[in-house]
Amino acid sequence: MHLNTLYFGDNLQVLREHFPDECVDLVYLDPPFNSKRDYNYIYRDLAGAGDTAQEQAFSDTWTFAGAAAEFREVTESGFPEGKLIDALHEVFGDTSLVAYLSVMALRLRELRRILKPTGSLYLHCDPTAGHYLKMVLDCVLGSSAFRSEVVWSYRRWPTRTPNYQHMHDLIYYYARGQTVTFNVLYEPPSESFLKRFRGMGNRLDRGATTKRSSDEPTPGLPMRDVWDLSILAGSSSERLGYPTQKPLALLNRIIAASSNEGDVVLDPFCGCGTAVVAAQKLGRRWCGIDITSLSVTLMRQRLADSFPEIYPSPGDVPVIGLPKDLAGARLLAELDKYDFQFWALTLVGAHPPGGTKKKGADKGVDGEILWRDGTGKLQKAVVSVKGGQSVTDTQLKDLITTVDAAKAAVGLFVSLAQPTGPMRNRAALGGNYTMAGTAATYPRIQMLTIEELLAGKRPDLPKSSRLDPHKSARAVDDGTQGSLFGE
Ligand SMILES: C[S@@+](CC[C@H](N)C(=O)[O-])C[C@H]1O[C@@H](n2cnc3c(N)ncnc32)[C@H](O)[C@@H]1O
């Protein structure tokens with residue numbers, strides 16, 4: 001296991017391959033909630049085109065057929081959670097709930113293995129599957145390990161649904177050991193409490209374990225299991241545009257309560273990396289795992305923005321699992337065509353094209369790179385990524401047609417396979433783009449292979465001003481968001 005490292009891959013496989021027994025002090029997991037939605041990540045175009053593009057961040061739709069292997073493995077494991085899932089299957093049949101719980105049960109069993117005896121596990125979920133997940137947790141960790149159901153209560157714009165407004169998440173807190181790391185946190189007493197108990201002074205915290213001298217000011221009330229913390233509003237400086245991003249204030253609390261400086265914190269579903277950023281800030285060591293290269297890319301950028309003294313650039317954040325050679329790139333292309341595409345786009349500094357609502361919706365254009373020319377006009381390169389075992393002249397011709405139709409300055413053809421000689425000749429005949437207001441020229445049709453990109457070659461383009469979805473992350477570290485009570 002490598003500390004202060006991101007792992008790219010399925011957490012089940014990563015945990016099994018890389019994590020020894022009893023090596024982690026605190027696990028926080030915020031898995032997909034079985035919400036039956038696909039979550040999109042909004043790119044913000046800071047070049048001023050006023051456009052957004054969406055890339056699917058992760059899917060939260062489960063099918064029984066899709067999780068058949070997990071269902072079999074867990075029900076044949078002989079562990080209590082296998083019997084529970086068998087029983088739920090009897091009742092609910094081949095449902096997405098049973099599929100989801102099977103997937104989660106296998107991962108929770110691995111998390112139990114890697115947790116130290118003094119360690120804690122927090123599972124973040126919502127009422128969609130929360131109470132079933134608690135039963136799985138009781139089976140995996142033992143019902144005596146259950147310590148709290150924290151209700152994270154927040155407010156957001158109400159909708160006109162004929163129901164109570166859904167404004168809370170659930171966080172199940174478990175710890176198995178006799179001796180468990182737990183630092184009591186305090187919250188300020190409410191006005192009504194103060195009115196009622198005015199004059200009680202230092203007895204306010206008599207539930208706490210530390211003894212206080214009579215003239216020492218009280219730190220407040222030991223924290224309740226209902227936490228009022230804002231969700232990230234659209235205007236929040238912390239917001240990265242990643243769906244399901246959790247506030248740092250929430251993770252600060254969990255990490256401060258259940259770990260000490262230098263302890264190891266693991267988030268095996270780490271999304272845009274809220275837990276790892278909070279852990280780093282609080283002086284903990286950390287590991288993060290995510291199955292999408294989009295998340296890994298975002299986290300690297302976020303860590304570099306938040307801790308430039310440690311990570312001068314995103315590339316300085318260690319990652320295990322991203323393709324480093326052609327064989328790894330081929331494997332990624334085989335496993336997930338869209339993840340490969342996104343990863344290839346990040347290699348050339350591109351992002352999915354503006355206005356695209358669904359992956360693959362734009363004919364042949366997978367990404368774009370924007371810049372302002374010498375007259376201040378926005379210009380772009382359109383990017384076509386090909387992950388197949390061979391590439392054809394027709395594909396290149398399509399790109400050239402798109403460059404003309406989209407009035408793009410440059411077309412970039414990125415491929416896993418080597419282009420043929422005639423394709424290279426066709427690209428060379430494409431001529432040059434001269435940037436208005438300058439004398440600079442760039443080849444109009446450029447071809448790059450993944451092999452060349454992995455060797456460090458980059459497209460020949462003007463400096464891009466296109467996309468900085470993480471700009472706001474810098475504001476996070478101004479010290480104002482670090483409070484355990486912070487909003
Ligand atoms: C709800 S989001 C986590 C959000 C995170 N707490 C944050 O604040 O950004 C769930 C994440 O789990 C990832 N994920 C889903 N299945 C996974 C798996 N099997 N292994 C690793 N990551 C997975 C998804 O890609 C997604 O980024």
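This is a short walk through a predicted model, from a group of helices to a sheet and then on to the later part of the chain.

Let us begin with helix α2, which covers residues 68-75. Four of its residues, E70, F71, V74 and T75, are buried. Looking down the axis of α2, you would find these buried residues within an arc of 115 degrees, so they line one face of the helix. That fits a familiar rule: an α-helix has 3.6 residues a turn, so residues three or four places apart point the same way. Turn to the other side of α2 and you meet A69 and R72, which are exposed. What lies over the buried residues of α2? The cover includes α3 (80-92) and α4 (96-114).

Helix α4 deserves a stop of its own, and V98 is a good place to look, since this residue belongs to that helix. Is V98 buried or exposed? V98 has 24 C-beta neighbours inside 10 Å, and because the cut-off for burial is 20 or more, V98 counts as buried. Leaving aside residues up to four places away in sequence, V98 touches F64, F71, I85, L88, H89 and F92. One of these, F71, is also among the buried residues of α2. Another, L88, sits 10 residues from V98 along the chain, and the C-alpha atoms of the two are separated by 6.9 Å.

Helix α4 also packs against α5, a helix of residues 130-141. Two packed helices are described by the angle between their axes and the distance between the axes. Here the angle is about 35 degrees and the axes are 10 Å apart. The crossing of α4 and α5 is right-handed. On the α4 side, the contact is made by L97, L101, M104, A105, L108, R109 and R112. From α5 come Y132, L133, V136, L137, V140 and L141.

Now for the sheet. Nine strands make up an open sheet with mixed pairing, and their order is β10-β6-β7-β5-β2-β11-β12-β1-β13. At its edges are β10 (226-228) and β13 (319-320), each of which pairs on one side only. Within the sheet, β11 (residues 264-267) and β12 (residues 285-290) run parallel and are joined by four bridges. To find your bearings there, look for D267, which stands opposite G288 in β12.

Further along the chain comes helix α11, residues 337-348. How far should its 12 residues reach? At 1.5 Å a residue, the expected span is 16 Å, and the end C-alpha atoms are 17 Å apart, which agrees. The buried residues of α11 are F340, Q341, F342, W343, A344, L345 and V348. Just past the helix, G349 has a positive phi of about 75 degrees.

Next, strands β14 (residues 367-372) and β15 (residues 378-386) pair in the antiparallel sense over six bridges. W371 has Q379 of β15 as its bridge partner. The two strands form a hairpin, with five residues between them. In that turn, G376 takes a positive phi of about 90 degrees.

Our last stop is T401, in helix α12 (residues 393-405). T401 has 13 other C-beta atoms within 10 Å; exposed would need 12 or fewer and buried 20 or more, so T401 is partly exposed. T401 and G411 lie 10 residues apart in sequence, with 9.6 Å between their C-alpha atoms.

Terms used. Residues are numbered from 1 along each chain as its sequence is written. This is a predicted model: local features need pLDDT of at least 70, side-chain atom pairs count only at pLDDT 80 or more; totals for chains, interfaces and linings use all residues. Two strands pair if DSSP finds at least two bridges between them. The expected span of a helix is 1.5 Å times one less than its number of residues. The arc is that of the directions from the helix axis to the C-beta atoms. Two residues are in contact if their C-beta atoms, placed from the backbone, lie within 7 Å. Axes are lines fitted to C-alpha atoms, for helices over the stretch in contact, and angles run from 0 to 180 degrees between N-to-C directions. A crossing is left-handed if the near helix is turned anticlockwise from the far one by less than a right angle, and right-handed if clockwise.
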